[in-house]
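Thanks for making time this morning. I would like to walk through one model with you, going from strand to strand and then out to the loops, so please keep the structure open while I talk.

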Amino acid sequence: EMPLLEQCYNLLDFEAVARRVMKKGAWAYYSSAADDEITVRENHSAFHRIWFRPRILVDVEKVDFSTTMLGTKVDMPFYVTATALGKLGHVEGEVVLTRAAGKHNVIQMIPTLASCSFDEIVDAADGSQVQWLQLYVNKDRGITKRIVQHAEKRGCKGLFITVDAPQLGRREKDMRSKFTDHGSNVQSGQTTDNSQGAARAISSFIDPALSWKDIPWFKSITNMPIVLKGVQRVEDVLKAIEAGVQGVVLSNHGGRQLEFSRSAVEVLAETMPVLRELGLEGKIEIYIDGGVRRATDIVKALCLGAKGVGIGRPFLYAMSAYGFDGVDRAMQLLKDEMEMNMRLIGANTVADLNANMVDVRSLYNH
Ligand code: FNR
């Protein structure tokens, strides 16, 4: 009675299956968001308020949606973003995502709080496959330095410092689920208090004192490009440029941190005109994540100036429901949707996508 993989026609279908087959506590950890879960819903509805202005009679026999991210050529303009505790969904954990990302030539961001060890995830990659490190900054900077330098030595091509989590958001679904087995390879060595749910149990090592003053130190300990993950206002994008980092991820952490954060796509629409006006366009790579479920969402983000988008829960759900084959199919579905949508909007390459091809009036007036 479980739907066959072939009956999943889009990324949301995997979520419905995962909800049925996953253990209650695991489902709660993956699906939960902060407080009343308003922001996590907004992450979807913001995309639904952006409309297309397609071009007609463009020869779209050939379309190509490959691009580059931090200098790496990728086949599709999305990456697998960092999500903790992969073994809650699948016995093999994050390496399942690694294999699918390798097959489709997209980048995987490895979470600090992966269930598999960092080395297992790097070893699961094929020779040419690119991975990034997501970093939660430990109060003990010696530990942080070791993690960063080890990642660079093992070939990681980007350091994504999570800046929106000085304290974990209040995810009540997760707190209620009486979380017991976190299957985690937590590298912090602290004792955990499971009564607060999975998220809080594993995150007490994160340094709430992290500030802009620390950025030069990160630049001094690594040559990897540095990206700040979790930026929510254009003022901070400008500060990031000033600090000399290579990128930002506009993100509200999948609605799991500050409730009533705006959607990343709305922040993006606010940011790009300001950068253009200041002549700063191209000074920094801008990524967004949160609520991306369809290639139309990806195309909208690219039109508005994003270099690429991160996708989190859909791949976790596909992995939890069907393992590698699920993630493989989810990526293939996105590829098919991408191809169709590029044709229908009248764009041959991602360079053809621009702000003139979307109507964002109802993004603000709703
Ligand atoms: C996350 N996210 C996250 N981010 C991060 O920087 N470090 C982490 O350990 C995690 N862990 C994590 C676990 C789970 C279960 C989820 C759903 C999310 C946030 C993640 O990188 C990303 O910002 C969102 O998941 C994007 O939203 P969608 O694609 O899930 O809607």
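Strands E5, residues 108-110, and E6, residues 131-135, run parallel and are joined by 3 bridges, and within that pairing Ile 110 has Leu 133 of E6 as its bridge partner. I should say at once that this is a predicted model, so please hear everything that follows as a description of a prediction. The connection between these two strands goes by way of helix H5, residues 118-123, and E5, H5 and E6 together form a β-α-β unit that is right-handed.

On its other pairing, E6 meets strand E7, residues 159-162, again in the parallel sense and over 3 bridges, with Leu 135 bridged to Ile 161 in E7. Here the chain passes from E6 through helix H6, residues 141-153, before it reaches E7, and this β-α-β crossover is right-handed.

How many of the residues of E6 are buried? The count is 5 of the 5, so the strand is largely enclosed by the rest of the structure. In a regular strand the side chains alternate between the two faces of the sheet, and it is worth looking at E6 with that in mind. Gln 131, Leu 133 and Leu 135 lie on one side, Trp 132 and Gln 134 lie on the other, and with all of them buried both faces of the strand are covered.

Let me move to strand E11, residues 308-311, where Gly 308 and Gly 310 point one way, Val 309 and Ile 311 point the other way, and all of them are buried. E11 pairs with strand E4, residues 78-80, in the parallel sense over 3 bridges, and there Phe 78 has Val 309 as its bridge partner in E11. E11 also pairs with strand E10, residues 285-289, once more parallel and over 3 bridges, and in this case Asp 289 is the residue that stands opposite Gly 310. To get from E10 to E11 the chain goes through helix H12, residues 295-303, in a β-α-β crossover that is right-handed.

Which residues come nearest to the ligand? Of the 24 residues around it, they are Ala 84, Thr 162, Gly 254, Gly 312 and Arg 313. If we ask instead which elements contribute two or more residues to that shell, they are helix H2, residues 24-31, and the strand we have just left, E11. Sorted by class, the shell around the ligand contains 8 nonpolar, 12 polar and 4 charged residues.

Stepping back to the whole chain, there are 14 helices and 12 strands. The radius of gyration is 19 Å, which is close to the 21 Å that the globule rule gives for 366 residues, and therefore the chain is as compact as a globular protein of that length. Measured out along the principal axes, so to speak, the C-alpha atoms fill a box of roughly 60 × 55 × 45 Å. Of the 366 residues, 51% count as buried, and if we take the contacts between residues at least 6 apart in sequence, 73% of them join residues at least 24 apart.

I will finish with three individual residues, beginning with Lys 219, which lies in helix H9, residues 215-221. Is this residue buried or partly exposed? Lys 219 has 15 other C-beta atoms within 10 Å and is partly exposed, because a residue counts as buried only from 20 such atoms upward and as exposed at 12 or fewer. Leaving aside residues up to four places away in sequence, Lys 219 touches Ile 226 and Gly 244.

The other two sit in one loop, and they concern the backbone. Most residues other than glycine have a negative phi. Asp 35, however, although not a glycine, has a positive phi of about 45°, and Glu 37, which is not a glycine either, has a positive phi of about 60°. Asp 35 lies in the loop between H2 and helix H3, residues 38-47, and Glu 37 is found in the loop between H2 and H3 as well. Asp 35 is partly exposed, with 15 other C-beta atoms within 10 Å, while Glu 37, with 17 C-beta neighbours inside 10 Å, also counts as partly exposed.

Notes. Residues are numbered from 1 along each chain as its sequence is written. This is a predicted model: local features need pLDDT of at least 70, side-chain atom pairs count only at pLDDT 80 or more; totals for chains, interfaces and linings use all residues. Helices (H or I, at least four residues) and strands (E, at least two) are DSSP runs, numbered from the N terminus. Two strands pair if DSSP finds at least two bridges between them. A crossover is right-handed if, with the strands pointing away from the viewer, the path from the first strand over the helix to the second runs clockwise. A residue is near a molecule or strand if its C-beta atom, placed from the backbone, lies within 6 Å of it. Ala, Val, Leu, Ile, Met, Phe, Trp, Tyr, Cys and Pro count as nonpolar, Asp, Glu, Lys and Arg as charged, and the others, Gly among them, as polar. The radius of gyration is taken over C-alpha atoms; the globule rule is 2.2 Å times the number of residues to the power 0.38. Two residues are in contact if their C-beta atoms, placed from the backbone, lie within 7 Å.
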